[in-house]
Amino acid sequence: MSARALLYCAGGGIGDSLIASVVARALHGRYERVDALTLPGHEETLARVPDIDSVLVDRGQSESDLAAQLRAAGYEAAIVTWATARTARVAKLAAIPVRVGQTRRLYSNSFTHKVCVRSETGDVITHWSQILLDYARAIGCDTADAQPHFISTPADEGQADRLLASTRRDFALVHPTCAISPRRPVWPLDGWVDLVRRLQVRFNIPVLISGGPDDLPLLQPLLNATGAFSIVGKTSIGGFAAVAKRARAFVVMHSGPMHVAAAVGAPTIGVFPLQADFPDRWAPVGARVQVVRSSYCCRPGELMETCPDYACIQGLPVPRILAAVEALVVA
């Protein structure tokens, strides 16, 4: 086997980098060591991926300085899954002989192997993990296991122990937000209130609410209305994963935490409310997952970033979510 390859996944959210980690698994079929280069906010996530040997961080330093660091490591191949002019130039400046990246871009000539991203040709069905594995296939690497893996550390487990010390053994976990939520003026909670109350009654277990620190003002009315327990802003990503895998069921908006929970083996129900969500592409990948898509008819062209009212979240398909929870709990 050759010595060393690099997975350059510096963009998007933590879910994007976690899904990209399956490329590292494919590269391990040919390369003895596979490192990842990612954004500062993704370092903690990728450090818990067993397919990645070491995590480097693109902190926005000069391209020449970052390239010099990579050149010194002696990588024989680099796959750039989040291609930008910067990431393409850095890989080329680092003199990595095999460089795989996206075609149809002004900077694509920086790559030695150019890959057409299937979604750009109208594909809305293929899962993103398979689309990213096309990059590895371009240099003869592949894997039959396209499920991201995430292993919580003893410190993560300790954090979960402390947070759950006063909670009964059985509990459900609900994550009602995604990255865009705190940045939008409206985020309806009535659907989530209805869901949490029905989970409490149907399964007679406590419900915990999770979210990031910026989500707390948004989610406080939900906590007040339901009496649910809050772990909002109280966990690292590893601590969250350790809590999620102990949950009897985890109901979550499509988001980075959805992918982390599925990767750690939590029984995960991913909720995709908008018609533009493409759940076939972004579904959680794991041994115990369900997907619920709303039948709400969005106005043409509406996206998560531009929707004025999020009516689909206001009217979550609660009976269908409960049915998905039931399927995982019984299983």
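How many of the 14 residues of helix 1 are buried? The legends below begin with this helix. The model is predicted: local features require pLDDT of at least 70 and side-chain atom pairs pLDDT 80 or more, whereas totals for chains, interfaces and linings use all residues. Residues are numbered from 1 along each chain as its sequence is written, and side-chain values use heavy atoms, without hydrogens and water.

**View 1. Helix 1 comprises residues 14-27.** Helices (H or I, at least four residues) and strands (E, at least two) are DSSP runs numbered from the N terminus. Buried denotes under 20% relative accessible area, exposed over 50%, and partly exposed in between, with a 1.4 Å probe and protein chains only. In helix 1, 14 of the 14 residues are buried, so the rest of the structure largely encloses this helix. Its end C-alpha atoms lie 20 Å apart, in agreement with the 20 Å expected at 1.5 Å a residue; the expected span is 1.5 Å times one less than the number of residues.

**View 2. Tyr-310 occupies the loop between strand 12 (289-293) and helix 12 (311-314).** Its phi is near 50°, a positive value in a residue other than glycine. Tyr-310 counts as buried because its relative accessibility is 1%.

**View 3. Ala-95 lies in the loop that separates helix 4 (85-93) from strand 5 (98-102).** Phi of Ala-95 is also positive, near 60°, in a residue other than glycine.

**View 4. The surrounding chain contains 13 helices and twelve strands.** Of its 331 residues, 56% count as buried. Its C-alpha atoms fill a box of roughly 60 × 45 × 35 Å along the principal axes.
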